[in-house]
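Please report on the local features of this chain. Cover side-chain pairing, the pocket, the cysteines and the backbone.

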Amino acid sequence: MRYIHEFRVTIFSATPSIELLEFHDRYHRSFADFADLSDSLYLPNKWVPHCTLANRLSLEKLKEALVYCSQRMGKIQAKICEVSIIKMVDRMTVPTIHTCYLKEERR
């Protein structure tokens with residue numbers, strides 16, 4: 001869990017696999033013609049894989065969230081099973097355009 005003071009946000013940070021980072025890089029190379037934000041935090045070498053738990057909190061609510069998380073949440077192990085392209089119409093309307101289900105790795 002990290003605290004970024006300027007944004008008052010709590011996140012679960014992820015330890016990405018090499019495969020995830022390579023997938024992310026391939027995605028950005030494939031769609032480079034559509035990139036419109038050269039300073040985006042989602043670009044390769046800038047992207048910090050994470051799950052936002054809470055943001056835009058008052059200092060009091062941030063303290064409450066950090067105490068809650070530190071007392072109740074531990075390490076989580078997860079696997080990405082699908083990737084989707086979405087369209088953000090507005091904050092409440094986000095239809096899925098396409099979903100790609102990832103193959104499970106055989107051992």
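Lys-61 and Glu-64 both sit in helix H2 (residues 59-72), three residues apart, about one turn of the helix. Helices (H or I, at least four residues) and strands (E, at least two) are DSSP runs, numbered from the N terminus. The two side chains meet in a salt bridge, with N to O at 3.6 Å. That term requires a side-chain nitrogen of Lys or Arg within 4 Å of a carboxyl oxygen of Asp or Glu. The model is predicted: local features need pLDDT of at least 70, side-chain atom pairs count only at pLDDT 80 or more, and totals for chains, interfaces and linings use all residues. Residues are numbered from 1 along each chain as its sequence is written, and side-chain values use heavy atoms, with hydrogens and water left out.

**Salt bridges**

How many salt bridges does the rule give? The count is two. The other pair is Arg-29 with Asp-25, whose closest N and O atoms are 2.9 Å apart. Both lie in helix H1 (residues 18-30), four residues apart, again about one turn of the helix. Side chains of opposite charge can pair when their charged atoms come close.

Accessibility is split into three classes: buried is under 20% relative accessible area, exposed is over 50%, and partly exposed is in between (1.4 Å probe, protein chains only). Lys-61 is partly exposed at 45%. Glu-64 is also partly exposed, at 47%. Asp-25 has a relative accessible area of 27%, so it is partly exposed. Arg-29 reaches 55% and therefore counts as exposed.

Arg-29 also has a spatial relation to Pro-44. The two are 15 residues apart in sequence and 9.6 Å apart in space, C-alpha to C-alpha.

**Overall layout**

The chain has two helices and five strands. Along the sequence they follow the pattern β-β-α-β-α-β-β. Of the 107 residues in the chain, 10% are buried. Contact here means heavy atoms within 4.5 Å. Among contacts between residues at least 6 apart in sequence, 46% join residues at least 24 apart.

**Largest pocket**

The pocket search ran on a 1 Å grid over the protein atoms alone. A pocket is an open set of points where a 1.4 Å probe fits, with protein on both sides within 12 Å along at least five of seven lines; lining residues have an atom within 4 Å of a point. Grid points are joined across faces, edges and corners, and a volume is the space filled by probe spheres set on the points.

The largest pocket has a volume of about 2,700 Å³. Its lining holds 47 residues. Which of them lie nearest the centre? They are Leu-20, Phe-23, Trp-47, Ile-80 and Val-83. The elements giving two or more residues to this lining are strand E2 (9-13), H1, strand E3 (50-54), E4 and E5. H1 gives the largest share, seven residues.

By class, the lining has 26 nonpolar, 12 polar and nine charged residues. Nonpolar covers Ala, Val, Leu, Ile, Met, Phe, Trp, Tyr, Cys and Pro; charged covers Asp, Glu, Lys and Arg; the others, Gly among them, are polar.

**Val-94**

Val-94 is placed in the loop between strand E4 (82-86) and strand E5 (96-101). Its relative accessible area is 37%, so it is partly exposed. Leaving aside neighbours within four places in sequence, Val-94 is in contact with Ile-86, Lys-87 and Met-88.

**Cysteines**

A disulfide is a covalent bond between the sulfur atoms of two cysteines. The cut-off used is a pair of cysteine sulfur atoms within 2.5 Å. A search of the whole structure finds zero disulfides. Cys-51 is partly exposed, with a relative accessible area of 43%. Cys-81 is partly exposed at 47%.

**Positive phi**

Most residues other than glycine have a negative phi. Two residues with a positive phi, neither a glycine, are listed below.

| Residue | Phi | Loop | Relative accessible area |
|---|---|---|---|
| Asn-45 | about 70° | between H1 and E3 | 86%, exposed |
| Arg-56 | about 55° | between E3 and H2 | 64%, exposed |
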